[in-house]
Amino acid sequence: GNHTQPKFILLGITDTPWAQAPLFGLFLLIYIVTLAGNVGLMVLVWVAPSLHTPMYFFLAHFSLADVCYSTIISPKMLTDLLFGSKTISWAGCVTQFHLFALFVTAECHLLAAMAYDRHVAICHPLLYVTVVSPRACWQLVAWSYLVASLSALVYTSCTFGGSFCGPRQVDHFFCDASPVLRLVCSDTRGSEAAIFVLATANGLGTSVVILISYGRILHTILGMRSAPSRARAFHTCASHLVSMSVFYGTLFFMYLQPASRHSSRDKVASVFYTVVSPMLNPFIYSLRNKEVKAALGKCRRRM
């Protein structure tokens, strides 16, 4: 079956003709802002010595993951909206899903590493230089990509390992696990169970680390005597938690529910973590920080 029908058809976000042009303009603007914000942050962290710290080291890799999985999804989606050509080859579909799964899983583990970094910095400042050393930072990033690579292999083999028959119309705007598995003729219960278990391990495992870290951070903040310092730290943690809630909430909605409960609402949820979240992350995590503003000011004066 994989050789007789080598292409899939992506049905896209909507089949309404009058809505495609406005959606193209909106998503194009979001993608440009996403690239400018994340690539700009990576370049700034690279050129500004004041940002050569563990926190911005993790943020740079986080921005890289945002750029990668946004680029895997958005250009194809924009092309489909503009030209109406919604076909994608078998190899293209497999590659898109595999890379998407890799970078999204890596981002979950990078978020956990960032939460641990903030926990040590705020709750144990005297041990920060020793615990979060450059070697430890590289080990955490390497672990994130290693786990993500192995998980992506399992996700991809479970999703595309069955026999396909009939029309290959993927009811989505990219090749995702649930809409692709609906096209499989063979029994998919084993594949769905494996994806569910692994997604639960990655999602819930990293979210527990994040919640414990920020819970201890908030406990330390409430014990601060200085009201301005307490308000500033609380405001930073609150913005981080809002971003994580949107990211994890939509991921859990998509991948931690039975296949029978998936519906057209999945597309709306997918837009949040594939398009909107990568655009907002640079503003939430870094572009409002005094250190980043100071580094931007120095770069402007040099130029």
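**View 1. Cys108 and Cys158, two cysteines without a bonded partner in this predicted model.** The cysteine sulfur closest to that of Cys108 belongs to Cys68 and lies 15 Å away, which is too far for a bond. A disulfide would need the two sulfur atoms within 2.5 Å. Cys108 is buried, with 5% relative accessible area. For Cys158, the closest cysteine sulfur is in Cys93, also at 15 Å, and again this is too far for a bond. Cys158 counts as buried as well, its relative accessibility being 15%.

**View 2. The disulfide between Cys93 and Cys175.** The structure contains 1 disulfide. Its two sulfur atoms, from Cys93 and Cys175, are 1.9 Å apart. The bond links distant parts of the chain: Cys93 sits in helix H3, which spans residues 90-123, while Cys175 sits in the loop between strand E3 (169-170) and helix H6 (177-181). The two cysteines are 82 residues apart. The disulfide is left-handed, because the torsion about the S-S bond is about -120 degrees. Cys93 is buried at 0% relative accessible area, and Cys175 is likewise buried at 0%.

**View 3. The salt bridge between Lys267 and Asp171.** Side chains of opposite charge can pair when their charged atoms come close. The count for the structure comes to 4 salt bridges, and one of them joins Lys267 to Asp171. Their closest N and O atoms are 3.0 Å apart. Lys267 belongs to helix H9 (residues 265-285) and Asp171 to the loop between E3 and H6, so the pair ties together parts of the chain that are 96 residues apart in sequence. Lys267 is buried, with a relative accessible area of 13%, whereas Asp171 is partly exposed at 37%.

**View 4. Salt bridges of Asp117 with Arg118 and of Asp187 with Arg189.** In the pair formed by Asp117 and Arg118, the closest N and O atoms are 3.0 Å apart. Asp117 counts as buried, at 2% relative accessibility. The side chains of Asp187 and Arg189 also meet in a salt bridge, with an N to O distance of 3.1 Å. Asp187 and Arg189 are both exposed.

**View 5. Glu107 in helix H3 and its surroundings.** Glu107 is buried, with a relative accessible area of 0%. The side chains of Glu107 and Tyr69 are joined by a polar contact of 3.5 Å. Apart from neighbours within four places in sequence, Glu107 is in contact with Phe62, Ala65, Asp66, Tyr69, Phe247 and Asn281.

**View 6. Segments annotated as "transmembrane region".** The annotation comes from an unreviewed UniProt entry and covers residues 23-48, 55-74, 94-114, 193-212, 233-256 and 268-287. In the model, residues 94-114 are 100% helix and 0% strand, and the C-alpha atoms at the two ends are 30 Å apart. Residues 193-212 are also 100% helix and 0% strand, with 28 Å between the end C-alpha atoms.

Terms used
Residues numbered from 1 in each chain as written. Predicted model: local features only at pLDDT ≥ 70, side-chain atom pairs only at ≥ 80, totals over all residues. Heavy atoms only, no water. Helix = DSSP H or I, 4+ residues; strand = E, 2+ residues; numbered from the N terminus. Buried < 20%, exposed > 50% of the residue type's maximum accessible area, 1.4 Å probe, protein only. UniProt positions renumbered as here; feature names shortened; annotations may be inferred. Polar contact = N/O pair within 3.5 Å; in protein donor to acceptor, adjacent residues only side chain to side chain. Contact = heavy atoms within 4.5 Å.
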